[in-house]
Structure formats: C-alpha cells, structure tokens
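Trainee: Could you pick one part of this structure and take me through it closely? I'd like to see how the overall numbers connect to individual residues.

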Amino acid sequence: MFLPIWKKLKYMLLILVLSKEASVLKAAQISSESDKDWINQAIRFWTFTDPSIQIIALGAILIGINCGLMGGYVVSRRLSMFGDTLSHAVLPGIAVGFMFSQSKNEAVLMIGATLSGFLGVGIISLLKRHTKMKEDSAMGLVLSGFYALGICLITYLQQSPNGGTSGLESYLFGSLVGLSDRDLVPLCFCLSLIIICFILLNKELLLSGFDPSFARSVGLPVDILQFCIWILMAFCIVSSLQVIGVVLVSALLIIPAATAGLLTYRMSQILVYSGILGALSGIVGCFLSFMGERLPAGPVIVLCSTLLFLAVLFFSPARGILPSWFRTRRRGQRIRFENTLKACYQVLESRSFSSQSFPQTALAQRRGKSDAEIEKEIGVLIREGYATRQEFPTEQKSELPSETMVSLTPSGWEIASRMIRNHRLWELYLTKEASYAPDHVHDDAEKIEHIIGEKTVRQIERILDNPQRDPHGKPIPSQDDIDRGWLSPPLVADK
Amino acid sequence: MLDFAEALLDPWSTREQVIWNLQIVFMGMMVSLSCGLVGCFVVVRRMALLGDAVSHGVLPGIVTAYLITDSLSIGPVWIGACLAGLGCGASIEWLRTKTPLREDAAMGLTFTSFFALGIVLLSLEAGATHLDPACFLYGEIGLTPLSPKLELWGLPSGNQALWNMGVVCLTTMISVIVFYRFLLVTSFDCSLARSLGMPVIWIQYGLMLLLALVVVASFESVGVILVLAMMILPPVSSAFLFHRLPSILMCCLPLSIFYSVAGLQLAYSMNFPISASMALAGIVIFLPCCLLGPNGGVLTNSKKLKTRKSSRDLSAN
C-alpha cells in the first residue's frame with residue numbers, strides 16, 4: 001500500500017536523500033580512514049609541511065582572529081543575538097547567489113549573502129521602528145523566516161538537474177575539506193578591513209559604542225558608525241561561513257570576546273585578547289577535527305572556545321570563580337579567628353588582666369556560643385599557634401568536671417590587641433570626626449577592624465592625637481603596648 | 001487558473017493520499033498550535049530568543065539519551081531533552097547574574113555551546129544513522145505517517161507520532177487554560193503578581209518547562225530553528241489583529257490550520273521541505289497582518305499616528 005504513495009511523494013524521498021547527503025560529518029572529516037597512526041597525524045599537522053594543512057590551519061586562525069576582533073565590539077554593544085540573526089539571514093542570499101552564478105563561485109555567493117544579511121537587518125529595524133513589535137520578536141521572526149526561505153531555496157536548487165550543488169549543505173555546519181587557497185583571500189581581506197577600521201576609527205567606535213548620546217552631542221555620525229559595524233560583521237560572518245557554518249558562526253563572535261571581557265576591562269586589551277583566544281580555539285579545534293575521524297570543524301572550534309571560556313571563568317587568577325571563592329573563604333576564616341582572639345582579650349580585660357589564662361566557659365559566655373563551638377574555635381587558634389590550653393581541676397574534691405583554661409601566646413596576644421586597637425580607634429574616629437552617636441559606631445567598627453592596615457591606623461591615631469580611651473571609656477592599647485608584648489607592666493598597672 | 005486548481009487538488013486526488021496527507025496536516029496543526037500557545041506568553045514576556053536558545057540547547061540531552069538507551073523511544077529522549085533545556089536555561093540565568101556577562105552574550109554563548117556539544121556527541125557516535133544533524137535543522141514532518149500504527153480495541157486509531165504530539169498539545173492547552181490567570185498577571189505585571197501572592201519564580205520555571213516540552217515534541221517534525229518560527233509567528237501575526245490576549249490565543253488555532261494546510265500545498269507544488277514551507281506560509285500571512293492589521297498595522301496606524309501627533313502638538317501649544 002505504501003509503494004505507490006512513495007513514488008508520488010518525491011519530496012519525501014528527497015528529504016531522505018538530502019539528509020543522507022547532508023551528513024556534513026562525512027564531508028567534514030579531513031583525515032583519511034586508513035591513516036590511523038595518530039602520532040604521525042599530529043606530527044603531520046603541527047609541522048605544517050603539508051600544503052593543504054597549511055591552508056586549513058591558516059584559514060582557521062584567520063577566522064578566529066577575524067571573529068575574535070569583531071566580537072569585541074559585538075559583545076560590548078550587546079549585539080550578540082543580532083549576530084546570530086545576521087548569520088541565519090544570509091542563507092537565502094547564498095542560495096540566490098548560487099542560482100545566479102550556477103556554480104559555487106565564492107564572490108557571487110558572498111555578495112548574495114551580504115545583501116540578504118542586510119535585507120534582514122533592514123527588516124528588523126523597520127519592524128522595530130514602525131510597528132509595535134519588540135526587538136526580540138522582530139529578530140526571531142527574521143531569523144526563522146529567512147532561514148526557512150534559505151532551506152526552501154537550497155532544497156529547490158538541489159532538485160535542479162544542474163550538478164555540483166552538494167557543497168551547499170556544508171554552509172550549515174561548515175567543513176574544512178573544500179578550503180582552498182582562493183578561500184583565504186576573502187579572509188585576509190576581511191582581516192585587513194577590520195584592522196584598518198579599528199585603527200582609524202578607534203576613538204569614534206569606542207565613544208559611540210559606550211555613550212551614544214554623548215557621541216551624538218559631540219557631532220559624531222553615530223548611525224553611520226553603527227552601520228560600519230554591521231558591514232564589518234556581515235563580512236566577517238560571510239567569510240567564515242564556509243568553515244564554521246551558518247548555525248554556529250555567531251558563537252565565534254560571542255565566546256572569545258566574552259572570555260576576554262572576563263580577563264580585562266580595557267577595550268584595546270579585550271580586542272587583543274579575544275583575537276588571540278579566537279585564533280587559539282581556531283587552530284586547536286582544527287587540529288581536533290583533523291585528528292578525529294568524523295568531527296565536524298565548526299562545532300569543534302566552538303567547543304574549544306567554550307572550554308577556554310570555562311577555564312578562564314573558573315581559574316583566572318584575578319577574577320576567576322575558584323580563586324575568588326578560596327580568597328573569600330580564607331578571609332572568612334581569618335575574620336573568625338580574629339574575632340575569637342578579640343573576645344579572648346575582652347575576657348582578659350573584664351578580669352582586669354589578673355592572670356594570663358582564663359576559663360573557656362567565660363569565652364563561651366562572652367561570645368554567646370555553645371561550648372562545642374568555642375571548643376572548635378579554640379582548636380583553630382591552637383593549631384595556628386595563637387593560644388594554648390591546659391586542664392585545671394578547679395577543686396580537688398569537687399565532682400564538677402575539671403575546667404579548661406586558655407591562655408594566649410605572644411603572637412595571639414599581638415593580633416588580639418591590634419584588633420581591639422583598630423576597633424576602638426575607629427569608634428573614636430567616627431564619634432569625633434564623623435559625629436556619630438557613640439552607640440551607633442560598634443557595627444561599623446566590627447567590620448572595618450579586619451580591613452584597615454597599619455598605615456591607616458597610624459593616621460587615625462595622629463588625627464585623634466594619640467587618644468587613651470574609646471567613646472565607651474575603655475583603654476585603647478597603643479602601638480607601644482603591642483610592641484612591648486604580653487601583659488606589659490604599664491597596661492596592667494595603669495588600667 | 002485550471003493548472004492552479006489542479007496543483008491545489010493534486011495532493012488530495014486518491015483516498016490513500018488523503019489519509020496520508022491528513023496525518024501530516026494534523027501533525028503540523030498540533031505542532032504549530034502548541035508552539036503558538038506557549039509562544040504567546042513567551043513573546044509577551046520578551047523572551048522570544050530564549051525559545052531559540054532552549055530549542056538549540058535540548059540537542060545534547062536528546063543525543064545523550066539516545067546514546068545511553070540506544071533507542072529513540074519517546075520517554076528517555078524527553079527526559080534528556082528537558083534536563084538539557086533546563087540546564088541551558090539555568091546556565092544562562094547563572095551567567096547573567098553571577099558573572100559580568102550581559103544577558104545577550106550569556107544567551108548566545110550558552111546555546112551555541114550546547115548545540116555544538118550535541119553535534120560533536122552525535123558525530124562521535126558512528127552508528128547514529130537515525131539521528132541526522134540535518135534532521136535537527138529541518139525536521140521530518142513528512143515521515144509522520146510512517147511511524148508505528150496503533151490499534152485501540154481492534155480499531156486503527158492513528159499512529160504513535162500523532163498520539164505523542166496530541167498528548168503534548170492537550171497538555172499545553174490544559175495548562176494554559178488552568179494557569180491562565182497566573183500566566184497573564186505574571187507576564188504583564190510582575191509586581192502585582194507578587195503582591196497577590198503568586199509564586200512568580202515558579203510560574204516562570206513552569207513556563208520554561210512547558211516550553212521545553214513543546215520544543216522537544218516538535219523538533220522531530222519541524223527542526224530546531226523552525227520551532228522558533230512556529231512559536232513567534234502566530235502571536236506576532238495575531239497581535240496585529242486583536243488587542244486582548246484571549247483573542248490572540250484563540251487566533252492561534254485558525255492560524256495553525258492555515259500554516260499546515262498552506263505549508264503542505266506549497267511543499268507539494270514547489271518540492272520544498274514541509275516544515276520550511278509552513279514557516280514561509282506563516283510569513284505570507286504575517287505580511288498583510290503587519291501592513292493592514294486593525295490593531296497597529298503599519299498602513300492603518302500611520303494615519304492614527306499623524307492625528308495623534310498633531311493633537312499632541314496642539315495641546316502642547
């Protein structure tokens with residue numbers, strides 16, 4: 001029952017045939033199946049002796065640099081999704097260009113692609129300006145509409161008797177196979193155009209991108225500059241299409257530039273970094289695609305740049321997530337034990353420094369925490385060498401458990417008294433110089449005491465003219481007291 | 001003229017063809033109806049491109065599910081796709097809030113990476129003949145009638161693909177009807193919704209889940225990118241015709257019937273892929289809506305705008 005219907009439904013067969021033909025994967029593998037010795041392959045790749053490998057590697061690097069440089073402006077001007085739309089909108093142009101030239105003539109295809117990209121951009125801005133449609137739906141509409149048209153046209157072309165159209169699917173996912181030295185010309189042209197534009201218009205592009213209204217008031221032609229960016233973007237996308245493919249070319253515009261944006265804030269550095277990152281992912285992706293038997297080039301290059309992005313996001317020393325997590329954790333630990341030491345000082349002070357040691361329970365009372373928690377905190381102090389602990393039987397015959405006595409070591413004492421000094425000086429500074437009420441200063445001082453350095457403290461001391469007591473009447477340990485060390489006579493005798 | 005009529009009737013000449021094509025039309029209608037219903041809320045919330053992102057992002061989930069279970073059965077594939085879609089959405093949200101990246105860059109970065117991962121996984125698996133990357137791009141709605149036939153009480157009752165899509169379509173309709181009030185308020189006025197005590201975040205997540213469900217169910221028929229067309233075209237076209245959301249939602253039904261029928265006819269006469277022709281049919285109906293629509297169409301609107309402008313000038317003077 002199926003057969004007669006099958007015959008009539010040609011298109012269905014065509015879809016099947018097409019999807020078999022379009023197994024881009026098959027087209028995209030560059031290495032031959034027979035050559036399985038991957039070390040030899042790797043050597044063959046990295047020595048660049050083979051002219052075809054030279055071309056492929058050069059092409060991947062050029063595309064990486066182009067897209068990376070362009071991406072700096074795409075990401076900073078928030079045009080990322082716009083790049084995606086543009087890259088899909090070029091598809092019908094490629095098909096129409098093919099219809100006109102009747103062959104895979106790169107120049108005509110590129111002109112067609114650029115024109116259709118511009119048509120898409122124009123439609124988006126018309127829809128945005130003259131209807132109530134929002135930018136995102138306008139972009140989605142143009143993206144999917146142009147894409148559908150492109151697919152229809154390409155399918156239509158495939159059925160025409162004219163042969164040699166099979167290369168058209170490689171524009172969907174890209175391939176390195178067909179890359180010849182002629183294809184490098186548009187890439188070089190695009191690169192030089194981008195570099196010339198960026199050098200000549202550096203200031204103008206920067207200004208109009210980051211502060212368009214100011215640029216307009218200075219008299220810069222903001223719209224023309226924006227148009228410039230669009231043209232460059234379109235060239236960049238169209239020249240990279242053959243290797244990366246329509247679907248993923250926008251990724252190369254976004255990812256290297258986003259990675260560079262994590263590393264630095266200066267535009268010139270972002271451009272340099274993202275160019276380098278793009279080239280790096282281009283060459284590595286090209287290598288992996290060359291090594292793998294059936295890895296399509298475009299997705300592999302994109303995955304490489306994603307991996308670079310993740311590496312930078314998590315491990316970059318300055319702002320990476322893991323390093324800053326460790327930094328935050330370490331700072332939290334330091335603040336915790338500095339607070340414990342400070343509490344020790346306060347306990348000692350409340351017993352007017354009568355002895356060097358104090359019971360652990362007093363500390364627990366002071367900090368309002370359970371014995372177990374205090375036990376742990378003291379444990380940390382002991383491990384770091386800031387305190388020691390002895391068991392003291394309070395009374396020989398008593399049935400109470402023996403009491404744990406804690407005493408600070410000289411280094412622990414130094415930190416504790418420094419914290420107290422910072423705290424009380426800051427409280428005094430706020431009440432004297434910033435006219436805070438004395439009962440409002442504690443919380444502020446609680447935070448700042450861990451942060452202000454020796455230099456600031458000295459400065460505050462000088463401004464306040466070497467004060468002796470804080471707003472609550474407690475003595476402020478001076479630098480001399482700290483230098484003299486543990487329970488020096490003046491401190492005990494005087495206070 | 002006669003040729004045109006013949007071309008129109010060509011797909012419907014024999015009984016077998018009518019049965020075959022009705023299945024395709026019905027499938028296309030259900031796909032575009034469920035996409036359109038979800039799309040209305042997505043467009044209103046200005047998340048249209050998020051639909052695109054999620055539809056690309058489900059690919060690695062589908063491929064992983066296929067590689068693990070070694071079959072394209074609907075259950076594991078849906079679970080994998082929903083997980084991947086949610087992962088994609090979550091990582092966009094995380095990148096947007098926790099890193100210096102802006103929303104558009106976060107979105108563009110995430111979905112392209114997910115898609116690339118899916119393609120690479122797919123090509124690493126040598127025997128993945130059932131899963132063709134081209135299938136993800138165009139879809140294979142034309143093969144709907146080939147899916148296994150089902151029998152209910154001895155009677156032939158449609159096939160597997162139709163039933164699957166039907167369940168999804170029904171789920172979408174029921175969820176939209178049941179949660180209509182919540183979806184409406186959270187779409188237009190988040191702070192009002194919050195003050196009414198609605199779980200705004202959970203409604204957002206629920207909508208994303210529904211989106212993932214619809215995208216996964218539709219990708220096999222219309223492909224990753226044309227899902228976006230099916231999602232955006234109905235609300236955007238009908239928004240030029242009607243002002244109120246219920247009417248816009250209702251309008252999705254006639255639009256989806258038109259898309260599937262016109263798409264099939266176009267595909268027959270020009271030998272286009274059906275899914276792409278459905279999107280083209282959508283564009284064809286969008287143009288007159290946009291130009292002549294009573295509610296903000298370009299040509300009907302320009303006069304109004306002029307009068308409004310002149311009256312504003314007068315009042316300013």
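Mentor: Happy to! One definition first: contact means that heavy atoms lie within 4.5 Å. Please keep in mind that this is a predicted model.

Let's take chain B. Among its contacts with a separation of 6 or more, 68% join residues 24 or more positions apart. The chain has 317 residues, and 54% of them count as buried. Its secondary structure consists of 15 helices and 2 strands. About 13900 Å² of chain B is exposed, with carbon and sulfur atoms supplying 70% of that area.

Now zoom in on B:Ser238, which sits in helix α12 (residues 224-239) of chain B. Its relative accessibility is 0%, so B:Ser238 counts as buried, the cut-off being under 20%. Setting aside neighbours within four places in sequence, the contacts of B:Ser238 are B:Ile248, B:Cys251 and B:Leu255.

For a companion view at the level of helices, turn to chain A. There, the axes of α21 (residues 410-433) and α23 (residues 454-463) come within 10 Å and cross at roughly 45 degrees. The two helices, α21(A) and α23(A), are therefore oblique to each other, and their crossing is left-handed. On the α21(A) side, the residues making the contact include A:Arg418, A:Leu425 and A:Trp426, while those of α23(A) include A:Val457, A:Ile460 and A:Glu461. Sorted by class, this contact of α21(A) with α23(A) has 6 nonpolar, 1 polar and 6 charged residues.

Definitions and conventions:
Residues numbered from 1 in each chain as written. Chains lettered and ligands numbered in written order. Predicted model: local features only at pLDDT ≥ 70, side-chain atom pairs only at ≥ 80, totals over all residues. Heavy atoms only, no water. Axes fitted to C-alpha atoms, helices over the stretch in contact; angles between N-to-C directions. Helix = DSSP H or I, 4+ residues; strand = E, 2+ residues; numbered from the N terminus. Parallel < 35°, antiparallel > 145°, perpendicular 65-115°, else oblique. Left-handed = near helix turned anticlockwise from the far one by under 90°. Nonpolar A, V, L, I, M, F, W, Y, C, P; charged D, E, K, R; others polar. Buried < 20%, exposed > 50% of the residue type's maximum accessible area, 1.4 Å probe, protein only. Areas by Shrake-Rupley, 256 points an atom, 1.4 Å probe, with all protein chains shown as cover.
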